[in-house]
Amino acid sequence: MNALRRNVLKGAAGAGAVAIAVVAGVLKPTQAMAAWNKAAFDAKNVGAALKGIGVTDPADSKDITIKAPDIAENGAVVPVEVTSAIAGTTSIAILAEKNASPLVSNFNLSGGAQGFISTRIKMGQTSLVRAVVKAGGKSYTAAKEVKVTIGGCGG
Amino acid sequence: MKQTIIMKLLAGMAGLGIALGAVSAHASPEKDRQELIKYYMDKYPDVKVEDYVYGALAFDADSKAQYDAIMEFPPYDSEIEKGRKMWETPFKNGKTYAGCLPNGGQHIAGNYPLFDEAKGKVVTLHDAINDCRTANGEEAFKVNDMKTMGVLTAYMRTLSDGMIMNIKAETPKAMAAYEDGKKTFFSRKGQLNFACASCHVQNAGLRLRSELISPAVGHTVHWPVFRGGDNLVTLQQRYQGCYSQVRAVPPPQGGTTMNNLEYFHSALSNGLPLKASVFRK
Amino acid sequence: MAEPMRIRATMAGDVADVKVLMNHPMETGLRKDAKTGQLIPAHFITEVIATINGAPVLAAEMSGGVSKNPYLGFKVKGPKAGDKVAVSWADNKGDKNSVEATIG
């Protein structure tokens, strides 16, 4: 793994200077982070997407809570909130299993960031919204079904 | 059971050509509003009247939760910012909207539409904005242009957030316009032969084509809306959509029929607080 | 090129609650222009980095699967009111944007 990226992500000594340089615009985020994980984001099924972020067979966990609607008002903007109570959560990935590309986003957490992410995702059709958490070198998962309908009215 | 005005109007919708004017000749806007609220409360005693401002969302907790999540930080913030810039930019002659509208444009939206005795017609907020523009040497906006009037009012109407809807119809001419709007609301139209009331009175709280239908009370306080958080729609633009959806030819936005309809329709929401630029599906 | 990002950062107990709204079309590259019938090219934020007082707390990768005008909420334990939170993004075309705020 790119040492610079490791420093930024793990908050190791010296990473502070890198981060400040990023914010100052001197160092582009693309230089501080490894190249965008095309393989994971282009993967057409959940297994390949997870493999792309270094996860195989995550264990089901009741310590991951997904707050998402039962029926999406609008598939283009579905609010999703993931809370991980698993100690030492280092990343949260969000997938919409039936999207053309299931991996929506992957969040790496460090420096006191809690196991919590709130965002809005696009869903092409009814599917499981899956959260995959990395903590302590292991991976965990939970999922919630979100229905997506096409309404008849609403102007 | 004594027939309320509303029940008579709904019966009149059965298409027997009952003269709606005769039925409601002695109504007053406040009486209509109270009767309609009673009609809804009898059907849905557990839904609070103050929640009618959320429309169909008042009947579905899952939908309301999504609205709350998105309204926490609406994605269309930058559109409202555009509206703010439009509002704050002076006309070519140096004057401003704030200098031209009553109370600097603050807390006035709840008074519109109003009946202008001198002009002999209903004046909407869009009309008042255009009157400002033309009085200051600018061209009027097309009221159906979301990029101009839509964006401007997406910001401008927020200056009236919290204001209580306060529509008045106190003269014979004003009442005539109000009654005209009421007639439009309760008249069947289009190939589907629906009146506004077919959905929003008789079927409020029920589903049509998988969509939950909103009650007419509470309708007019929350415009414009951003459909899907993205697509700006003003109230009369929505009227146009409704007409099209029952396969009727919509009358022009800003014309007498639409304005009188908005006048009547807004009076139904008297007593409820305004909140502009909200999320809808 | 991009419009300003909006950020709100407040302390809730001993946790900094940060909410960010980014302005971006987030085109997947799969959508067709209604008028021309042509595919609208992919244009989306690929990464977001957040720091508190310069120390990284969040490094996210995003795709076109994130909604237009992305919203991001996260929480950090450790900061105090008055600390600086900075969030920046880069997209697949090389555009970038950033915002800084003081935690209230």
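A salt bridge is a side-chain nitrogen of Lys or Arg within 4 Å of a carboxyl oxygen of Asp or Glu. Keep that in mind as we look around this predicted model.

## Salt bridges

How many salt bridges does the structure hold over all chains? The count is 24. One of them joins the side chains of Lys144(A) and Asp70(A), with N and O 2.8 Å apart. Lys144(A) sits in strand 9 (residues 138-148) of chain A, while Asp70(A) sits in the loop between strand 2 (64-67) and strand 3 (71-72) of chain A, so this pair ties together parts that are 74 residues apart in sequence.

## Where chain B meets chain A

Now for the place where two chains touch. The size of an interface is often given as the accessible area lost when the parts come together. Here, chain B and chain A bury about 1,600 Å² between them, and 50% of that is on carbon and sulfur atoms. Three residues of chain B are worth finding on screen: Asp62(B), Gln66(B) and Lys281(B) supply 32% of the area that chain B buries against chain A, more than any other three residues. As for head counts, chain B brings 19 residues to the contact and chain A brings 15 residues.

Which residues form the salt bridge between the two chains? Lys281(B) pairs with Glu73(A), and their closest N and O atoms are 3.9 Å apart. The count between chain B and chain A is one salt bridge. There are also eight residue pairs in polar contact across this interface (both residues at pLDDT 80 or more).

What does the chain B side look like? Helix 4 (61-71) and helix 11 (235-245) of chain B each supply at least two residues of the side that touches chain A. The largest share, five residues, comes from helix 4 of chain B. Sorted by class, the side of chain B that touches chain A has eight nonpolar, five polar and six charged residues.

## Helices crossing inside chain B

Next, zoom in on chain B itself. Two packed helices are described by the angle between their axes and the distance between the axes. Here are three pairs to try.

| Helix pair in chain B | Angle between axes | Axis distance |
|---|---|---|
| Helix 5 (residues 77-88) and helix 8 (residues 146-156) | roughly 95° | within 7 Å |
| Helix 7 (residues 125-135) and helix 8 | about 105° | 12 Å |
| Helix 9 (residues 172-186) and helix 12 (residues 256-267) | about 90° | 7 Å |

Angles of 65 to 115 degrees count as roughly perpendicular. With a crossing of roughly 95°, helix 5 of chain B is therefore roughly perpendicular to helix 8 of chain B. Residues in this contact include Ile80(B), Met86(B) and Trp87(B) from helix 5 of chain B, and Val151(B), Leu152(B) and Tyr155(B) from helix 8 of chain B. By class, the contact of helix 5 with helix 8 of chain B has eight nonpolar, two polar and five charged residues.

Helix 8 of chain B also packs with helix 7 of chain B, at about 105°, so helix 7 is roughly perpendicular to helix 8 of chain B. Leu125(B), His126(B), Ile129(B) and Asn130(B) of helix 7 meet Met149(B), Leu152(B), Thr153(B) and Met156(B) of helix 8. This contact has five nonpolar, three polar and no charged residues.

In the third pair, at about 90°, helix 9 of chain B is again roughly perpendicular to its partner, helix 12 of chain B. Aromatic names to look for here include Tyr178(B), Phe185(B) and Phe186(B) on helix 9, and Tyr263(B) and Phe264(B) on helix 12. The classes come out as nine nonpolar, five polar and two charged residues.

## Backbone oddities in chain B

Most residues other than glycine have a negative phi, and most peptide bonds are trans. Chain B has some exceptions to visit. The bond from Tyr112(B) to Pro113(B) is cis, with omega near 0°, and Pro113(B) lies in the loop between helix 6 (97-100) and strand 1 (114-116) of chain B. The bond from Trp223(B) to Pro224(B) is cis as well, with omega near -5°; look for Pro224(B) in the loop between strand 4 (211-212) and strand 5 (225-227) of chain B. Then there's Arg247(B), which has a positive phi of about 60° although it is not a glycine. Arg247(B) is in the loop between helix 11 and helix 12 of chain B.

## A quick look at chain C

How many helices and strands does chain C have? Chain C has zero helices and seven strands. Its C-alpha trace spans about 50 × 20 × 20 Å along its principal axes.

Methods: Residues numbered from 1 in each chain as written. Chains lettered and ligands numbered in written order. Predicted model: local features only at pLDDT ≥ 70, side-chain atom pairs only at ≥ 80, totals over all residues. Heavy atoms only, no water. Axes fitted to C-alpha atoms, helices over the stretch in contact; angles between N-to-C directions. Helix = DSSP H or I, 4+ residues; strand = E, 2+ residues; numbered from the N terminus. Parallel < 35°, antiparallel > 145°, perpendicular 65-115°, else oblique. Contact = heavy atoms within 4.5 Å. Nonpolar A, V, L, I, M, F, W, Y, C, P; charged D, E, K, R; others polar. Buried area = accessible area lost by both parts, 1.4 Å probe. Polar contact = N/O pair within 3.5 Å; in protein donor to acceptor, adjacent residues only side chain to side chain.
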